[in-house]
Amino acid sequence: MCRSNPPGLLPIDPKSFIFLFVCRAAVSSSLFAPSSSISNGYLKVSELHTIYYETFGNRCGQSAVFLHGGPGAGCTRRHAQFFDSQHYHIVLFDQRGCGKSTPKGCLQENTTWDLVDDLEKLRKHLNVERWLVLGGSWGATLGLAYAQAYPQVVHALILRGVCLFRQREIDWIYKQGGASSIFPFSWKNFVSVLEPDEQNDVLTSFYKRLTSSDPSRQLSASRAWFSWEMALSFFSIEQSLAWNGEQYSNPSGKVRVLLNGFLKDQQLLEGVRRIRHIPCVIIHGRYDFVCPVVNAVDLHCAWPEAELKIVGDSGHSMYEKGIARELVLATNKFLAR
């Protein structure tokens, strides 16, 4: 039996989630028009887990897969709008325990390498020979891990808001002295739900509260967690204010990955040597306070053949105008290859 998130907290619908954050026509104008789904289904990837997938665009077009962030966020149809549907065969899927995948919220058999293998099983299930991989934040982590495991099937990589999953990156967000120095009031609100002795180990303390059998403890911890993440995620104040602060999903799965990692500290940087022949565009917001821009610079130093684009007017979100524009330019660029 799978251990899922405890009862008492209504999970947010991932389709409504992104629209809470993005409601500006300027962002929409950077994306392609919505397209209709051409197929969807469920793929059983283990005795326990089944993942949901959906495809868009041109069945005969160049294949591309979008890797959502989180961990735990899930996909929305809006993610398909970063690709030209006339020319791309676009694949979206919800990672284990996310979105429409089942069992929802399940934390068992849910590691980085389980997700990497799921992605390869999905490629084979859809009869895709090679594909473009686009991932942001945690999706960039997963994209790098997948490409390093299966370089022969990756046509190109687009990485946004690079996360290399090093301990210092996790400490930056969840320990005193990193992002807390830039957003001191938001940090104070974040840790205020914890007792003073719990604040010595923020991640472990939040994990205990998020997996508590007490719904009120879950809810207060979820509210604090998402308020902190939203404080860091947007450079544009207009976009950050679009979140109504009323709906939450339980981020216990994300906290579990942050605590365990399932990756050695420098593993993704050391593994770049296996994929330097793959065309890659790295896109990173100059004012990304979730994944600092030094992550992208470090990756580019290890991978000088990759194209690095630092977007001066943007933060972490893929929907900030400058980031969205560069993502669309990158997907268009790889159509010509």
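Let's start with Leu115 and its surroundings: leaving aside neighbours within four places in sequence, Leu115 is in contact with Gln95, Arg96, Asn110, Trp138 and Leu142. Keep in mind that you are looking at a predicted model. One of those partners, Gln95, sits 20 residues away along the chain, and yet the C-alpha atoms of Leu115 and Gln95 are separated by 6.7 Å. Is Leu115 buried or exposed? Its relative accessibility is 5%, and buried means under 20%, so Leu115 counts as buried.

Leu115 belongs to helix α3, so let us look at that helix as a whole. Helix α3 covers residues 112–125, which makes 14 residues, and it reaches 20 Å from its first C-alpha to its last, close to the 20 Å expected at 1.5 Å a residue. Which residues of α3 are buried? They are Thr112, Leu115, Val116, Asp118, Leu119, Glu120, Leu122 and Arg123. Here a general rule is handy: an α-helix has 3.6 residues a turn, so residues three or four places apart point the same way. Try reading the list of buried residues again with that rule in mind. The buried residues of α3 pack against β1, β2, β3, β4, β5 and α4. Just after the helix, Asn127 takes a positive phi of about 60°.

The strands that α3 packs against lead us to the sheet. Eight strands form an open sheet with mixed pairing, and their order is β1-β2-β4-β3-β5-β6-β7-β8. At the edges are β1 (37–44) and β8 (307–311), each pairing on one side only. From one strand to the next, the twist averages 20°. In general, strands of a sheet pair through backbone hydrogen bonds, either parallel or antiparallel.

Now walk along the sheet from the β1 edge. A hairpin of five residues joins β1 to β2, and the two strands run antiparallel, joined by seven bridges. One place to spot this pairing is Ser37, whose bridge partner in β2 is Phe56. Strand β2 (residues 50–57) is then joined to β4 by five bridges, again in the antiparallel sense. Look for Tyr53, which stands opposite Phe93 in β4.

With the next step the direction of pairing changes. Strand β4 (residues 88–93) and β3 pair in the parallel sense over five bridges, and Val65 stands opposite Val91 in β4. On its way to β5 (residues 131–136), β3 again runs parallel, with four bridges between them. There, Ala64 stands opposite Leu132 in β5.

Why is β3 described as largely enclosed by the rest of the structure? Six of the six residues of this strand (residues 62–67) are buried, so the surroundings largely enclose it. In a regular strand the side chains alternate between the two faces of the sheet. You can follow this in β3: Gln62, Ala64 and Phe66 point one way, Ser63, Val65 and Leu67 point the other way, and all are buried. Across β3, β4, β5, β6 (154–160), β7 (280–285) and β8 lies helix α13 (residues 321–335), running at about 175° to β7.

Next, turn to the nonpolar interior. The largest nonpolar core has 64 residues, and those with the most contacts inside it are Leu157, Leu159, Phe190, Phe206, Trp228, Leu299 and Trp303. Helix α4 (residues 138–149) gives the most to this core, with seven residues. Where does the core lie? Domain 1 (37–165 + 264–334) and domain 2 (176–259) both contribute residues, so this core lies between them. Leu157 makes a good viewpoint: not counting residues up to four places away in sequence, its contacts include Leu132, Ala147, Val281, Trp303 and Phe334. Apart from this core lies another, of 26 residues, among them Cys75, Phe83, Ile90 and Leu134.

Trp228, named above for its contacts in the largest core, is also one of the buried residues of helix α8, along with others including Ala221, Trp225, Phe226 and Leu232. Helix α8 (residues 215–233) has 19 residues and reaches 26 Å from its first C-alpha to its last, close to the 27 Å expected at 1.5 Å a residue.

Finally, step back to the whole chain. There are 13 helices and eight strands, and of the 337 residues, 58% count as buried. Among contacts between residues at least 6 apart in sequence, 75% join residues at least 24 apart.

Key
Residues are numbered from 1 along each chain as its sequence is written. This is a predicted model: local features need pLDDT of at least 70, side-chain atom pairs count only at pLDDT 80 or more; totals for chains, interfaces and linings use all residues. Side-chain values use heavy atoms; hydrogens and water are left out. Buried means under 20% relative accessible area, exposed over 50%, partly exposed in between (1.4 Å probe, protein chains only). Two strands pair if DSSP finds at least two bridges between them. The expected span of a helix is 1.5 Å times one less than its number of residues. Axes are lines fitted to C-alpha atoms, for helices over the stretch in contact, and angles run from 0 to 180 degrees between N-to-C directions. Contact means heavy atoms within 4.5 Å. A nonpolar core is a set of buried Ala, Val, Leu, Ile, Met, Phe, Trp, Tyr and Cys residues joined through side-chain atoms within 4.5 Å. Domain bounds come from an automatic or database domain assignment.
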